[in-house]
Amino acid sequence: MFKDCIPFKKKALYLVLTIPIVIIFILIVLYLWQTGLIPFIIYCCLFLLVIMLQSYCCAYQDCPYIGKFCPGIGGITILSSVIALLWKNTKRSEKMFNLFASIGFSCLIGIVVFPLFFIYKLGIFVLISYLVIAIFYCITFFALICPFCAIRDTCPGGKIAGQIF
Ligand code: SF4
Ligand code: SF4
């Protein structure tokens, strides 16, 4: 764990990168709500799953940002850091961590991929813009945020980002 990264120092950069993504998520939620109840529920469930599963991972990793401002991916995982407080006094295992991290990561991919078909209905330009923004966000997050996170040496995401960038 990198103590000099506590508290997280690149808060302004994190917010600049994350707020547009959160706005896009909200717009997609509203759009799917108009499209139909089933896609709306599926999309919301993906968020809920990511937040809950990540909260276990936050607690398992004893992340120093738990309950405070944290550089969680996509902005949504900031909620995980608060929910992680509930796991603090429970027994945690590596097996569960690996399982939850894998499912959580799949759901995170699902959040990006699931609305593609519905966004395509708005036009190819909207779809391409969405993909460009999503890819740009992922690259900038792992290149500019992850390397300044206190648990980048133990977190699976941080380790991968460290190898790539
Ligand atoms: S930085 Fe990551 S592990 Fe730490 S509290 Fe936030 S979401 Fe959880
Ligand atoms: S190392 Fe990266 S992926 Fe892992 S908790 Fe920190 S910012 Fe998130």
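**Exercise 1.** Determine whether Cys107 is buried or exposed in this predicted model, and whether its sulfur is bonded or unbonded to that of another cysteine.

*Solution.* Begin with accessibility: Cys107 has a relative accessible area of 7%, and because buried means under 20%, Cys107 counts as buried. Next, look for a partner: the closest cysteine sulfur is that of Cys45, at 9.6 Å, which is too far for a bond, given that a disulfide requires sulfur atoms within 2.5 Å. Finally, widen the search to the whole structure, where zero disulfides are found.

**Exercise 2.** Describe which residues surround ligand 1, which elements give two or more of them, and how they divide by class.

*Solution.* First, list the shell: Gln54, Cys58, Gln61, Cys63, Tyr65, Cys70, Pro71, Thr77, Ser81 and Ile151 are the residues around ligand 1. Then assign them to elements, of which α2 (37–60) and α3 (77–83) each give two or more residues to this shell. Lastly, sort by class, which yields six nonpolar, four polar and no charged residues.

**Exercise 3.** Carry out the corresponding analysis for ligand 2, and state whether Cys149 is buried or exposed.

*Solution.* The residues that surround ligand 2 are Pro71, Phe141, Cys146, Cys149, Ile151, Arg152, Cys155 and Gly158. By class, the shell around ligand 2 holds six nonpolar residues, one polar and one charged. Turning to one of its members, Cys149 has a relative accessibility of 13% and therefore counts as buried.

**Exercise 4.** Locate Ser55 and identify which residues it touches beyond those up to four places away in sequence.

*Solution.* Ser55 is placed in helix α2, and at 0% relative accessibility it counts as buried. Once residues up to four places away in sequence are set aside, the contacts of Ser55 are with Ser80, Ile83, Ala84 and Trp87.

**Exercise 5.** Examine the backbone at Asp62 and at the peptide bond from Ile6 to Pro7, and say where Asp62 and Pro7 lie.

*Solution.* Start from the general expectation that most residues other than glycine have a negative phi, and that most peptide bonds are trans. Asp62, although not a glycine, has a positive phi of about 50 degrees; it is found in the loop between α2 and α3, and is partly exposed, with a relative accessible area of 48%. The peptide bond from Ile6 to Pro7 is cis, with omega near -5 degrees, and Pro7 lies in the segment before α1 (11–35).

Key:
Residues numbered from 1 in each chain as written. Chains lettered and ligands numbered in written order. Predicted model: local features only at pLDDT ≥ 70, side-chain atom pairs only at ≥ 80, totals over all residues. Heavy atoms only, no water. Near = heavy atom within 4 Å. Nonpolar A, V, L, I, M, F, W, Y, C, P; charged D, E, K, R; others polar. Buried < 20%, exposed > 50% of the residue type's maximum accessible area, 1.4 Å probe, protein only. Contact = heavy atoms within 4.5 Å.
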